[in-house]
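This report goes through one protein chain, part by part. Please keep the sequence and the 3D view at hand while reading.

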Amino acid sequence: EKQLLERMIATQLFLARATPADRTVGNEIAAKFMADTKRQSSSEEAFKRQLVALGLTVPQFERQVVDQAIVKAVIDRELKTQEAVSQEDVKKFYEQNPKFFQQPEQVKVAQIQFNTRDLSPAQVDRKKADAKKALERANAGEDFSKLVKEYSEDEPSKPQNGQFTIARGQLPIEFESAAFSLKPNQISDLIQTQYGYHIIKLIEKIPPQTAELSKVQDRIRDTLLQQAVQKRLPEFVENLKKEAGVQITNNH
């Protein structure tokens, strides 16, 4: 109860210090988080059921997300901008924590996706027929990127000719099993997942490797900044409580 009360007080103190810019940043972060969270649920109803299990309504959850995003924006402005992390600090962390920067085996693929979620059985059958036609054309040697533009319904990858890079554990097992078993330039059979039908072409296999410092230094710097902020946060909150005249009385 004491920890919950302290958290509620700190949240209100930070919200009181929020500038219009903090609120703008917080609302943008919250909107993205909500969109991503809903996208990960199988449906809107499933999303609502998850919240009910937590004792929350959608508006209550959205309010909490927005408040915490604004609090983060305030903390970043008040504390994070006051900290400095040198390149030497970054390099030292990189050298002392090599396991953090090990990249697993990856594959770069191109795909043609036919979405079947929320479709009737007849509509699914038509999608499958279209997918088979596209597969026949791909196996006959037609340009794969051309087929992506004509058929694919995966909007994030379509502008990149259907190409993206994945490691294991990121996509449905049916998709990954096929992708990692292919040879470069080989085209898969028709693959079915919860999202629909897929035709996969392997572009490149990327062996396990250690990420270069130049590619992870921004992430390291942000980690070190967050660590510094967390050290200063308790004292900062106590000062805010004193400034606001907060008093906690024990009525028990």
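## A buried strand residue

Ile191 counts as buried, because its relative accessibility is 14% and the cut-off for buried is under 20%. The model is a predicted one, and this value, like the others below, is computed from it. Ile191 belongs to strand S4, which covers residues 191-193.

Which residues does Ile191 touch, leaving out those up to four places away in sequence? They are Glu174, Phe175, Ala178, Gly196, Tyr197, His198 and Ile200. Leu56 is 135 residues from Ile191 in sequence, and the C-alpha atoms of the two are 38 Å apart in space.

## The chain as a whole

The chain holds nine helices and six strands. Its radius of gyration is 25 Å, while the globule rule gives 18 Å for 252 residues; the value is well over the rule, so the chain is more spread out than a compact globule. Along the principal axes, the C-alpha trace spans about 75 × 50 × 35 Å.

Of the 252 residues, 37% count as buried. The accessible surface of the chain is about 16,200 Å², and carbon and sulfur atoms make up 50% of that surface. Among contacts with a separation of 6 or more, 70% are between residues 24 or more positions apart. The chain has 38 positive and 36 negative charges, and the mean positions of these two sets are 1 Å apart.

## Helix H1

How far apart should the ends of helix H1 be, at 1.5 Å a residue? Helix H1 runs over residues 2-16 and has 15 residues, so the expected span is 21 Å. The C-alpha atoms at its ends are 21 Å apart, which agrees with that expectation.

The buried residues of H1 are Ile9, Ala10, Thr11, Leu13, Phe14 and Leu15. These buried residues pack against three helices: H2 (20-40), H4 (58-78) and H9 (213-244). Lys2 is also in helix H1, but Lys2 is exposed, because its relative accessible area is 66% and exposed means over 50%. Lys2 and Val246 are 244 residues apart along the chain, and their C-alpha atoms are separated by 14 Å.

## Two loop residues with positive phi

Most residues other than glycine have a negative phi. Asp118 is not a glycine, yet its phi is positive, at about 65 degrees. Asp118 is in the loop that runs between strand S2 (106-115) and helix H6 (121-139). Is Asp118 buried or exposed? With a relative accessibility of 79%, Asp118 counts as exposed.

Asn185 also has a positive phi, near 75 degrees, and is a residue other than glycine. The loop that holds Asn185 is between helix H8 (173-181) and strand S4. The relative accessible area of Asn185 is 56%, so Asn185 is exposed.

## Strand S1 and Gln102

Gln102 lies in strand S1, which consists of residues 102-103. At a relative accessible area of 45%, Gln102 is partly exposed, because that class lies between the cut-offs of 20% and 50%.

Where its neighbours within four places in sequence are left aside, Gln102 is in contact with Gln209 and Thr210. Asp118, the loop residue described above, is 16 residues from Gln102 along the chain, and the C-alpha atoms of the two are separated by 39 Å.

## Val85, between H4 and H5

Val85 is in the loop between helix H4 and helix H5 (87-96). Val85 is buried, because its relative accessible area is 19% and buried means under 20%.

Which residues does Val85 touch, not counting those up to four places away in sequence? Val85 touches Val90, Arg221, Leu224 and Leu225. Leu54 is 31 residues from Val85 in sequence, and these two residues are 39 Å apart in space, C-alpha to C-alpha.

Terms used:
Residues numbered from 1 in each chain as written. Predicted model: local features only at pLDDT ≥ 70, side-chain atom pairs only at ≥ 80, totals over all residues. Heavy atoms only, no water. Helix = DSSP H or I, 4+ residues; strand = E, 2+ residues; numbered from the N terminus. Expected span 1.5 Å × (residues − 1). Buried < 20%, exposed > 50% of the residue type's maximum accessible area, 1.4 Å probe, protein only. Contact = heavy atoms within 4.5 Å. Rg over C-alpha atoms; globule rule 2.2 N^0.38 Å. Areas by Shrake-Rupley, 256 points an atom, 1.4 Å probe, with all protein chains shown as cover. Lys, Arg positive; Asp, Glu negative; His and termini not counted. Charge placed at Lys NZ, Arg CZ, Asp CG, Glu CD.
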